[in-house]
Amino acid sequence: MFFTFPEDARWNAERQAVEFGVECGEYRGVVWVPRRVLQRLLPERPTPERCVEAYYLQRTRFERVAERKLRRRLLTEDGNVEITGRDLREGVRAPRRAGAWAAAH
């Protein structure tokens, strides 16, 4: 599997998260990193601008976590990826479970 991450990171005010795209073959999805996760990486108040900056400073790390979650099919109900604090702490060592990806493929 070859993953690509378009240059499209942005703040999603509705979700209170930084979101960025991920592609693998015909799959196109969105990865969310909630403000509460990014807050742990920031020494100051997590404004939307600072959250996007934190994403770019840790971009490779977030992309690796997204890849691991996709490989393990740890997806949200709508077939996307949400990165949690646990994912960052544990390197995505969560138990395997089938998500929307498995049902669709």
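Start by selecting glutamate 23, which is partly exposed, with a relative accessible area of 26%. Keep in mind as you click around that this is a predicted model.

**Stop 1: glutamate 23 and its surroundings**

Glutamate 23 lies in strand 2. Now add its contacts to the selection: leaving aside residues up to four places away in sequence, glutamate 23 touches Phe2, Phe3, Thr4, Pro6 and Arg28. Draw a distance from glutamate 23 to phenylalanine 3, and you should read 5.6 Å from C-alpha to C-alpha, for two residues that are 20 apart in sequence.

**Stop 2: the whole chain**

Zoom out and switch to a cartoon view. You will find five helices and four strands in the protein. Follow the chain from the N terminus, and the elements come in the order β-β-β-α-α-α-β-α-α. If you colour by burial, 44% of the 105 residues will show up as buried. Another overall view is the contact map: among contacts between residues at least 6 apart in sequence, 41% join residues at least 24 apart.

Next, colour by pLDDT. The mean for the protein is 88, and 86% of its residues reach 70 or more. Where is confidence lowest, and where is it highest? The low end is helix 5 (residues 100–104), with a mean of 48, and the high end is strand 1 (residues 10–12), at 98. Select residues 92–105 as well: pLDDT stays under 50 there, and the model has 25 contacts beyond four places in sequence for this stretch.

**Stop 3: helix 2 against helix 3**

Select helix 2 (residues 48–57) together with helix 3 (residues 59–71). They pack at an angle of about 75°, and their axes are 4 Å apart. Since angles of 65 to 115 degrees count as roughly perpendicular, helix 2 is roughly perpendicular to helix 3.

Show side chains where the two helices touch. From helix 2 come Ala54, Tyr55, Tyr56 and Leu57, and they meet Arg59, Phe62 and Glu63 of helix 3. Sorted by class, this contact has five nonpolar residues, two charged ones and no polar ones.

**Stop 4: the two sides of helix 2**

Stay on helix 2 and look down its axis. Which of its residues are buried? Pick out Cys51, Val52, Ala54 and Tyr55. These residues lie on the same side of helix 2, because they cover an arc of only 155° around the axis. The spacing fits a familiar pattern: an α-helix has 3.6 residues a turn, so residues three or four places apart point the same way. Turn to the other side of helix 2, and Glu49 and Leu57 are exposed.

What do the buried residues of helix 2 pack against? Their partners are strand 1, strand 2 (17–24), helix 1 (35–39) and helix 3.

**Stop 5: leucine 38**

One way to follow that packing is to move to leucine 38, in helix 1. Leucine 38 is buried, with a relative accessible area of 0%. Expand the selection to its contacts beyond four places in sequence, and you get Val18, Val33, Cys51, Ala54, Tyr55 and Phe62. You have met some of these already: Cys51, Ala54 and Tyr55 are among the buried residues of helix 2. For another distance to draw, try leucine 38 to proline 48: they are ten residues apart in sequence and 10.0 Å apart in space, C-alpha to C-alpha.

**Stop 6: leucine 70**

Now go along to leucine 70, which sits in helix 3. Is leucine 70 buried or exposed? Leucine 70 is buried, with a relative accessible area of 2%. Not counting residues up to four places away in sequence, its contacts are Phe3, Val22, Tyr27, Leu75 and Val81. Valine 81 is eleven residues from leucine 70 in sequence, with 7.5 Å between their C-alpha atoms.

**Stop 7: two positive phi angles**

Finish with the backbone. Select glutamine 16, in the loop between strand 1 and strand 2. Glutamine 16 is not a glycine, yet its phi is positive, at about 55°. Its side of the story on accessibility is a relative area of 33%, which makes glutamine 16 partly exposed.

Then jump to arginine 73, in the loop between helix 3 and strand 4 (81–82). Arginine 73 also has a positive phi, of about 60°, although it is not a glycine. With a relative accessible area of 34%, arginine 73 is partly exposed.

Notes. Residues numbered from 1 in each chain as written. Predicted model: local features only at pLDDT ≥ 70, side-chain atom pairs only at ≥ 80, totals over all residues. Heavy atoms only, no water. pLDDT = per-residue confidence, 0-100. Contact = heavy atoms within 4.5 Å. Axes fitted to C-alpha atoms, helices over the stretch in contact; angles between N-to-C directions. Parallel < 35°, antiparallel > 145°, perpendicular 65-115°, else oblique. Nonpolar A, V, L, I, M, F, W, Y, C, P; charged D, E, K, R; others polar. Buried < 20%, exposed > 50% of the residue type's maximum accessible area, 1.4 Å probe, protein only. Arc of directions from axis to C-beta.
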